[in-house]
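Please open the structure in the viewer and set the ligand as the centre of the view. The stops below proceed outward from there.

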Amino acid sequence: MDFGLSEEQRLLRDNIVRFARGVLNEGTIERDRDQVFSRDLWRRCAEIGIPGLPAPADYGGSGQDAVSCAIALEALGYGCSDGGLTFSLCAHMLACVVPLSRHASEEQKRHYLPGLCDGSFIGAHAITEPGSGSDTFSMRTRAVRAGGGWVLSGTKTFISNAPVADVAVVFAVTDASKGFQGGVTAFVIDRETPGFRAGQKFEKMGLRTSPVGELTLQDVFLPDAAVLGRVGGGSAVFATAMDWERSLLVAAHVGAMERVMEKTIEYARLRRQFGQPIGKFQAVAHKIADMKVQLDAARLLTWRAAWRLEHARSASLEASIAKLYASEALLKTALDAVQVHGGYGYMVEYEVERALRDAVGSTIYSGTSEMQRNIIARWLGL
Ligand SMILES: Cc1cc2nc3c(=O)[nH]c(=O)nc-3n(C[C@H](O)[C@H](O)[C@H](O)COP(=O)(O)OP(=O)(O)OC[C@H]3O[C@@H](n4cnc5c(N)ncnc54)[C@H](O)[C@@H]3O)c2cc1C
């Protein structure tokens, strides 16, 4: 097995880390406090190709394979301390750009992908509803055949980027007599479509620079050309998005873990109590040693899942394992970082309390930890 990075991958990683540190971090504390999403920073990210990393070059993307995308997202999570911005970019890329790249018609690709890659469009992915979260497929949003197209009605909630999105992949029941396999269809919808609106924007505990909100559909008419994939093929579109999101969103978490760990090592070396650096106390050093073990394990699981996305028939099991492990490891790392920083860690200025608030969502979005364990158990025949 070769775990080395190619020269291109090394360059990609170094460029993103340098860019993120130089451009994205200033003002993060204030943006987090005020819950401000920066479209300007989004455009700056687009100038170096981040929003279009996995999209084919023919449509304006960077054409990176899944492992290179994992390396790039890890670099972003490492260099960029604005966890909300990183999260918004990941949601756009992994749950909108990827399903469009894989399932869209030629016409849809030409229409949407260049703008999604060059920073002029922001994407969202909407399946969750007020009454259906983990039980996704009990959704109530309906698409009914009418006037040579479809009429959609329903409400989607907790949708990342919804308040600022120009394009959304939205799931609706098209045949209630069938289950998720065959009964649900994905549609791609423009912000300007009559009846389609961004509703309430939520106040959140963490990832506060990433806007999350509702999308409402009130008798939204869509032509057949808005169907993504095929009618009844929503499960395949959703599976693509989840395999990529679960495998690669956590690559950004791996980067964040490394950044938080390094900050904690630095603090443990400098902070002195009882006449010595606190890092010399075994109780502190062991917490940091555990961070390193979790970081390396999460990185390997992420790379394995990313590799399988391109080389194996299915990556779903490995994606769930990576998602479960890396998100729980991120949460533990951030909590221990606050503990090692003591009272200073509890204060906004030291930026580890924000890392902790940002980390809490990771065991909920993209399927909760409990649901990942259910999926893994099912693969084990239970
Ligand atoms: C920051 C953030 C961003 C998000 N972005 C998006 C987005 O872009 N698009 C989108 O569609 N959704 C998004 N979501 C929604 C997210 O996917 C859901 O919140 C998640 O799937 C859980 O659904 P729920 O909140 O309805 O919780 P519920 O499903 O009601 O679950 C509540 C609790 O019960 C547990 N539970 C439920 N069923 C089972 C079971 N069978 N076995 C064991 N335990 C179970 C859960 O694990 C959880 O602990 C986002 C959420 C957050 C927090």
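Which polar backbone atom is 2.9 Å from an oxygen atom of the ligand? Select Ile127: the backbone atom belongs to this residue, and the pair is a polar contact (N or O atoms within 3.5 Å). The model is predicted, with local features requiring pLDDT of at least 70 and side-chain atom pairs pLDDT 80 or more, whereas totals for chains, interfaces and linings use all residues. Residues are numbered from 1 along each chain as its sequence is written, and side-chain values use heavy atoms, without hydrogens and water.

Next, select Glu370, where a polar side-chain atom lies 2.8 Å from a ligand oxygen atom. At Asn374, a side-chain N or O atom is 3.1 Å from a nitrogen atom of the ligand.

Now display the full shell (heavy atoms within 4 Å). It holds 17 residues, with Thr128, Ser134, Ser160, Thr368 and Glu370 the closest.

Finally, colour by domain, using bounds from an automatic or database assignment. Domain 2 (124–233) and domain 3 (235–379) each contribute at least three shell residues.

Definitions and conventions. Polar contact = N/O pair within 3.5 Å; in protein donor to acceptor, adjacent residues only side chain to side chain.
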